[in-house]
Amino acid sequence: MPYDDTVRRFVRRWKEHGLRSLATAAADVVAARVTRPGVEVVTWVPAEAWRARSRGHHPAERLARELAERWALPCRPLLVRRGPAQRQRGLSRFERQRNPAFSALETGLRAAVVDDVYTTGATANAAARALAGRVDVVTLARTVRRA
């Protein structure tokens with residue numbers, strides 16, 4: 001879905017206000033629009049540990065697990081963050097591309113990497129580079145740039 005004001009409010013409630021049940025609704029929306037990817041495993045973009053602790057949950061992981069269940073695919077962590085990263089929100093496109101850094105727990109798999117919102121693609125690209133295999137990126141929403 002386009003990352004418009006309505007979706008932005010939904011994502012904020014889900015992520016920042018702790019409404020964990022919204023992951024189920026998000027998965028319903030994604031599964032209705034995205035066919036089961038031809039992958040071996042579903043994984044997620046990992047949150048920084050302090051952020052997941054402060055929220056009490058990790059939205060991308062919950063969405064990944066919900067989608068994997070709907071698609072009858074295994075779901076497991078394949079990525080870990082390398083060092084602290086600056087929060088992506090508010091960074092320029094260039095800064096976003098340099099910010100996220102991941103290491104893979106396993107490489108060469110056909111994997112679906114799940115995140116909540118696709119903005120510049122920097123996070124997805126960093127995840128794909130780390131996994132070094134065929135990667136499908138699945139998100140609830142995507143920023144739409146107007147030409």
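**Fold, cores and a buried threonine**

Of the 147 residues of the protein, 45% count as buried. The model behind these values is a predicted one. In terms of secondary structure there are 6 helices and 5 strands, and the order along the sequence reads α-α-β-α-α-β-α-β-β-α-β. Contacts with a separation of 6 or more are dominated by far-apart pairs: 73% of them link residues 24 or more positions apart. On the outside, the accessible surface amounts to about 8100 Å², and carbon and sulfur atoms own 49% of that.

Now for the end of the pattern. Strands β4 (residues 111–118) and β5 run parallel and are joined by 7 bridges. To get from β4 to β5, the chain passes through helix α6 (residues 122–131), giving a β-α-β crossover that is right-handed. Within this pair of strands, Asp 115 sits opposite Thr 139 of β5. Strand β5 itself (residues 135–142) is mostly covered, with 6 of its 8 residues buried.

Next, the nonpolar interior. The largest nonpolar core holds 25 residues, and Trp 14, Val 42, Leu 63, Leu 67, Val 114, Val 138 and Leu 140 are the ones with the most contacts inside it. Contributions of at least two residues each come from α1 (5–16), α2 (22–33), β1 (41–44), α4 (59–71), β4 and β5. The top supplier is α4, which puts in 6 residues. Leu 63 gives a feel for how these pieces meet: setting aside residues up to four places away in sequence, Leu 63 touches Trp 14, Ala 23, Ala 26, Ala 27, Val 114, Asp 115 and Leu 140. There is also a second, separate core, made of 13 residues, with Val 45, Ala 111, Val 113 and Leu 131 among them.

Finally, a look at one polar residue. Thr 43 belongs to strand β1. Its relative accessibility is 0%, so Thr 43 counts as buried, the cut-off being under 20%. The side chain of Thr 43 does find a polar partner, reaching the backbone nitrogen of Leu 78 at 3.0 Å. Beyond its neighbours within four places in sequence, Thr 43 is in contact with the run Arg 76, Pro 77, Leu 78 and Leu 79, with Ala 64, and with Ala 112, Val 113 and Val 114. Two of these partners turn up in the core lists as well: Val 114 is named in the largest core, while Val 113 is part of the second one.

Terms used
Residues are numbered from 1 along each chain as its sequence is written. This is a predicted model: local features need pLDDT of at least 70, side-chain atom pairs count only at pLDDT 80 or more; totals for chains, interfaces and linings use all residues. Side-chain values use heavy atoms; hydrogens and water are left out. Buried means under 20% relative accessible area, exposed over 50%, partly exposed in between (1.4 Å probe, protein chains only). Helices (H or I, at least four residues) and strands (E, at least two) are DSSP runs, numbered from the N terminus. Two strands pair if DSSP finds at least two bridges between them. A crossover is right-handed if, with the strands pointing away from the viewer, the path from the first strand over the helix to the second runs clockwise. A nonpolar core is a set of buried Ala, Val, Leu, Ile, Met, Phe, Trp, Tyr and Cys residues joined through side-chain atoms within 4.5 Å. Contact means heavy atoms within 4.5 Å. A polar contact is a pair of N or O atoms within 3.5 Å; within protein, one must be able to donate a hydrogen and the other to accept it, and residues adjacent in sequence count only if both atoms are side-chain atoms. Accessible areas come from the Shrake-Rupley method with a 1.4 Å probe; for residues, only the protein chains shown count as cover.
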